[in-house]
Amino acid sequence: MDRHELNRMFDALASAPGREEELLDGLLQDVKRRKNSMKSWKQVAVGLAAAVLLVGTATAAHYVGVSLVDNRENNGFLEFAGGMAYYPAEQLSDEVKEFEAAYTGDGAPKKTFSSWEEMESFLGVDLMDSPLLDASPAQRFYKVIDDGEQRVAGKFILTVYQGLTQFIADGCYEIGGCDINVQAYLFTDKGEDARSLDDMFYGIKFRDAEVNWENAATPGGRQIQVVDVERGEGRNKTCMGAVSLNGIPVIVKVNSKEGVAEARQVLMEVLDSFQ
């Protein structure tokens, strides 16, 4: 199974043990790195200046906006592409380097954390900043990741790819009655040669659902593509969107039992909260 396949996630809904809430389940998924100084450039924007800050000599062509590609007729997947830059692997924390070096399995090792901040500290990279999410950690909702090698459940999970080429950070949050999953994709310069400009970094296949998407703007003026997923009666409705935070693509999925309208409202609040 190659990296493309590992990054593709099925939109399969499973009941969490002992709870009624539904959650997305699938195939995959030094001390805090000067967080305050990084906030000065951690903005939702796509441009050469941000790319230079992140990757130094990497070409600007690698730094493009996140976009949706409809490949459902070809492979059944709606895919997210672009938005990635390449982070210097040498600047990762010693802890994550030691963790990856010690792993002897065939898959991508995973580690759980008690908070997103703890996960960032372990990685040595400030992936995102959102006061709204910081104040809204999940109480009842968690993520399950199963790639055939490991089955890991937790509220905050980091997946580490071989050779420190890529990382996926998963976080679970709750706002009102909505369950929120945030995924940040960090690519490093160790894997840059293996990727192409139009590479798809995430694909989702929907089962028994009506799917629509459109270009939209958040109340704060951020331009995004929003995906609405309507499922059958009694099942969660989902709204999802993606942004690039200085070359770190971030996908936000909001599940609501009340309907897509509530999910979309919360999605917009979350996207506008990124600093």
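## A polar contact at Ser130

A polar contact is a pair of N or O atoms within 3.5 Å; within protein, one of the two must be able to donate a hydrogen and the other to accept it. With that in hand, here is a place to start in this predicted model: the side chain of Ser130 makes such a contact with the side chain of Ser273, at 2.6 Å.

Where does Ser130 sit? Ser130 belongs to the loop between α6 (116-123) and α7 (131-134). Its relative accessible area is 2%, and since buried means under 20%, Ser130 is buried. Setting aside residues up to four places away in sequence, Ser130 touches Ser273 and Phe274.

## Leu133 and its contacts

Helix α7 holds Leu133. Its relative accessibility is 0%, so Leu133 counts as buried. Which residues does Leu133 contact, leaving aside neighbours within four places in sequence? They are Met128, Tyr173, Val182, Val270 and Phe274. Phe274 is also touched by Ser130.

Leu133 can also be placed relative to Ile180: their C-alpha atoms are separated by 9.3 Å, with their positions 47 residues apart along the chain.

## Strand β11 and its partners

Ile180 brings us to strand β11, which spans residues 178-187. How many of its residues are buried? The count is 10 of 10, so the strand is mostly covered. In a regular strand the side chains alternate between the two faces of the sheet. In β11, Cys178, Ile180, Val182, Ala184 and Leu186 point one way, while Asp179, Asn181, Gln183, Tyr185 and Phe187 point the other way. Both sets are buried, the polar names in the second set included.

Strand β10 (residues 166-175) runs antiparallel to β11, and 10 bridges join the two. Phe167 stands opposite Leu186 of β11. The hairpin of β10 and β11 has two residues between the strands, and Gly176 there takes a positive phi near 60°. Strand β16 (residues 248-256) is also antiparallel to β11 and is joined to β11 by six bridges. Ile180 of β11 stands opposite Val254 of β16.

## Positive phi values in the loops

Two residues that are not glycine deserve a look in a backbone check. Leu164 has a positive phi, near 55°, and is found in the loop between β9 (156-160) and β10. Is Leu164 buried or exposed? Its relative accessible area is 8%, so Leu164 is buried.

Asn246 also has a positive phi, of about 50°, although Asn246 is not a glycine. The loop between β15 (237-245) and β16 contains this residue. At 2% relative accessibility, Asn246 counts as buried.

## Helix α6 and its buried face

Which residues of α6 are buried? They are Trp116, Met119, Glu120, Phe122 and Leu123. Seen down the axis of α6, these buried residues fall within an arc of 160°, so they line one face of the helix. An α-helix has 3.6 residues a turn, so residues three or four places apart point the same way. Just after α6, Gly124 takes a positive phi of about 90°.

## Aromatic pairs

A pair of aromatic rings is described by the distance of the centres and the angle of the planes. The model has three aromatic pairs. In one of them, Phe99 and Phe122 are 5.7 Å apart centre to centre with 80° between the planes, an edge-to-face arrangement. Phe99 lies in helix α5 (residues 94-102) and Phe122 in helix α6, so this pair ties together parts that are 23 residues apart in sequence. Phe99 counts as partly exposed at 23% relative accessibility, whereas Phe122 counts as buried at 12%.

The rings of Phe156 and Tyr173 have their centres 5.6 Å apart and their planes at 80°, so that pair is edge-to-face. Phe156 lies in strand β9 and Tyr173 in strand β10, so the pair ties together parts that are 17 residues apart in sequence. Both Phe156 and Tyr173 are buried. Tyr173 is also one of the contacts of Leu133.

Back at Phe122, ring pairs link Phe99, Phe113 and Phe122 into a cluster. A charge joins in here too: the charged end of Lys111 sits over the ring of Phe122, 5.4 Å from its centre.

Technical notes: Residues numbered from 1 in each chain as written. Predicted model: local features only at pLDDT ≥ 70, side-chain atom pairs only at ≥ 80, totals over all residues. Heavy atoms only, no water. Helix = DSSP H or I, 4+ residues; strand = E, 2+ residues; numbered from the N terminus. Buried < 20%, exposed > 50% of the residue type's maximum accessible area, 1.4 Å probe, protein only. Contact = heavy atoms within 4.5 Å. Pairing = 2+ DSSP bridges. Arc of directions from axis to C-beta. Phe/Tyr/Trp six-rings, centres within 6.5 Å; stacked < 30°, edge-to-face > 60°. Lys NZ or Arg CZ within 6 Å of the ring centre and 35° of its normal.
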